[in-house]
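Work through the exercises below with the sequence and the coordinates open. Each task is followed by a stepwise solution.

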Amino acid sequence: MRALASRLLQFVLTVWAATVAVFALMQILPGNAAQVAAGMSATAEDVARIEQEFGLDRPLIVQYGDWVTGMLQGDFGTSYVTDAPITPLVLNSIQVTLILVVSAMVLALLIAVPLGTLAALLRGRSLGAVLSGLSQVGVAVPNFLAAILLVMVFSLGLGWFPSSGWQAPIFGIGGFLSHLILPVFSLALVQGAILTRYVRSAVLEIMREDYLRTARAKGRTSASALAVHGLRNAAIPVVTVAGVQLATLLIGAVVIEQVFVLPGMGSELVRAVENRDLLAVQAIVMVLVFLVLALNLIIDLLYTLLDPRVRNAA
Amino acid sequence: MSRLSAAVAGTAVLALTITGCGAGADSSTGSEANADRTDIIVAHTAEPVNLDFTTTDGAAIPQALMENVYESLVRIDQDGEIQPALATEWELSDDRLTYTFTLDENATFSNGEPVTADDVKFSYERVGSDDWTNALGAKMDVVDSIAAPDDQTVEITLANPSNTWLFNLASLVGAVFHPDGVDDLANTAVGSGPYEVEEFTRGQQIVFTKRADYAGATPGELDTVTFRYFDDAVAASNALKSGQIDVIGNLQTPELTSDFEADDTKQVAEGTTNGEVVLSMNNADGIFADQTAREAVLHGIDEQAVLDTAWGGHGTMIGSMVPPTDPYYEDLTDVWPHDVEKAKELVEEAGIEGEEFTFTVPSRPYAQASAEMVAAQLEEIGLKPDIVTQEFPAVWLDETMTNHDYDMSVINHVEARDLLTVFGEGYYTGYDSSGIEEIAAAADEGTEEEYVEGMKEVARTITDDAAAGFLYLFPNLVVADATVTGLPVNAVSDSFQIYDLAWS
């Protein structure tokens, strides 16, 4: 219980430290929103007038205080650049990113768990080597390259799926899925390859354990011994890695959203940075940071569930 | 284990639904199928930050809204000529100070209210107020007074005669608003144009619908026009190839032009713009404060080679700050011919051989590609450009434009008739404008012929002073489905006009 409490306190402190870091980073970013809004024919007075209108001339501590107080009430404020509230914008874009990232992770696991296990079972045989080789290639391919190749083949070549864009599920599930499939595969293929390698080594590790040897000695085949006694244990390192990789996927999604013109957090972030829409940048970065930290927290807790040793030690 | 397998089973079902669903893509490339369509999707690059050009700079907002949603009294047609818009006719007094406009009596705003002279007075007086922060509002500074003797008549008196004012009025400063429609300009547009904004989804698109009650000069053809925004130029090209969009407003991947030209289902039109790609040099400070050094650069550069490399040869040689569609254009491409030997002599004369200087380049494809080529040519004549890429707009505006912290830069100046701004006092070019100010002022106040002659002299002086390099005029490469008609091929006004778009 105490361990849990201290883990939660650690989480809260990290989130707070992140707000300070994010806010400070925004201040040292060169260029400002007033200048961008004023554009190429503006004089220094024009810029100063807009700065005042945006409230950028207020003391930093006041700006920071307003921002944090607002966030605690679930309000990211109103963008001075778009003159629209930021919270709905963040909520809309986070949906897109989460759908993308979660689907990609699920698909990656669907690829990785059977393939990795198979590769481990077939170690030393030619098919096993082929599987390992394929996953090696997958690891080497960057997400965006996978995306470009998929668009060339399945969109421009075969015409099966749209090359870009997004359709919310409420406007038709068919359109939603057809827009989703290529971005998800771009992320999942690479991710699947990475996870396949982890699953394979985790399974190999487990197969060397005494309890599996005992199970085999009692007459089980390697596969059934693994299925009954091994997979749960093999899942521990895989869950850890999958958690870490989920954070990588979030970052990968930023690029993939650009390639497929998806209105997710990545696209929103790029746009907000370009316009120096600092409140929007802060909001998006904070949500991303929060997600990654929360994810780590969940993984830690999940770890406790999966491994009684950790649970008892705590 | 049981939880795990349940999760696996659940996701397997999801995966099956995904893969089983197959193609939802509508690849409607059949030309006959398009003839009955009442909608069209147009791709553009830069998305409007908001809908309020009275406070926010950037070409994307007027591109979407001017002429389509908001109208001015006059507009600029595809040939660069002034045409009636909200005003059906106008007269200029003998002292050339007072314009009397007659408003179209059928004109209404999208909120149903008629467009009256009072609305025009309200709108134009607002340009000078604190509510209007876009610096382009300065174009209305010459206005002395505005009177509305009756509902259909507007009298605008200028402080001094001005040839440029009526032309400027066709730009966003001339937009007529309804007094009740200016509360939330960033999100809601109430205009008198043939279309209204049905939906503005940030990060994705703007949907325009045709106004049934529009009775003005430029009625719309199609019921629905969508502007979809693609940050990524390749994604836009792919979307056109796969039939998700119908038009690319200005192709930013010129290397793909020949692909589209070879495709029978597509059409490519190369039009002109007001965008001069300028090789700016800091005239006020540093290595290029010396005119000899600037002359060396201009002799050292082969503009055609820059254009060929940077934008696939699409664009026009100009040699001055004036596009061929302006009345005072003259061909000045021969003033500083490409002459490497001469350039080397001038480098020696200026004593700048091997001297390093800062070449700031905005992070835009045309600028990056142009700068690489220019830098290579300058190295050939013994100069050492140090290329610094600056994020555009934020960092470039801050460092180069505001702080003048640069020696050389390359940028597309997109405003119409902007030579007096770009080479005006205090601007980042650092040009000594004392030699052109009086000529320009006299030209603006003079007769139309005097205006043309005077402005020619201004442009020639700027070029003769080697104030900057004029690399090329940025092209407008419109690519569309072969059956689209009414495309605005020339981007010579603020607007991308959607009202003539149709299917054949």
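Three exercises follow, on a chain, a helix pair and a sheet.

This is a predicted model, in which local features need pLDDT of at least 70, side-chain atom pairs count only at pLDDT 80 or more, and totals for chains, interfaces and linings use all residues. Residues are numbered from 1 along each chain as its sequence is written, and chains are lettered from A in the order in which they are written.

**Exercise 1.** Describe the make-up of chain A and its side that touches chain B.

Solution.
- Step 1: Chain A has 13 helices and zero strands; helices (H or I, at least four residues) and strands (E, at least two) are DSSP runs, numbered from the N terminus.
- Step 2: Of the 314 residues in chain A, 40% are buried, a residue being buried if 20 or more other C-beta atoms, placed from the backbone, lie within 10 Å of its own.
- Step 3: The contact between the chains involves 49 residues from chain A and 46 residues from chain B; two residues are in contact if their C-beta atoms, placed from the backbone, lie within 7 Å.
- Step 4: On the side of chain A that touches chain B, α8(A) gives the largest share, five residues.
- Step 5: That side divides into 24 nonpolar, 17 polar and eight charged residues. Ala, Val, Leu, Ile, Met, Phe, Trp, Tyr, Cys and Pro count as nonpolar, Asp, Glu, Lys and Arg as charged, and the others, Gly among them, as polar.

**Exercise 2.** Classify the packing of α5(A) and α11(A).

Solution.
- Step 1: Helix α5 (residues 86-121) and helix α11 (residues 265-274) of chain A pack at about 135°, and their axes are 7 Å apart. Axes are lines fitted to C-alpha atoms, for helices over the stretch in contact, and angles run from 0 to 180 degrees between N-to-C directions.
- Step 2: Angles under 35 degrees count as roughly parallel, over 145 as roughly antiparallel, 65 to 115 as roughly perpendicular and the rest as oblique. Therefore α5(A) and α11(A) are oblique to each other.
- Step 3: From α5(A), A:L89, A:S93, A:I94 and A:T97 meet A:M265, A:G266 and A:E268 of α11(A).
- Step 4: The residues of this contact are three nonpolar, three polar and one charged.

**Exercise 3.** Lay out the open sheet of four strands in chain B.

Solution.
- Step 1: The strand order is β4-β5-β7-β6, with antiparallel pairing; two strands pair if DSSP finds at least two bridges between them.
- Step 2: β4 (87-92) and β6 (143-150) of chain B are the edge strands, each pairing on one side only.
- Step 3: Five bridges join β4(B) to strand β5 (residues 98-103) of chain B, and B:L92 stands opposite B:Y99.

Terms used:
Buried ≥ 20, exposed ≤ 12 C-beta atoms within 10 Å, placed from the backbone.
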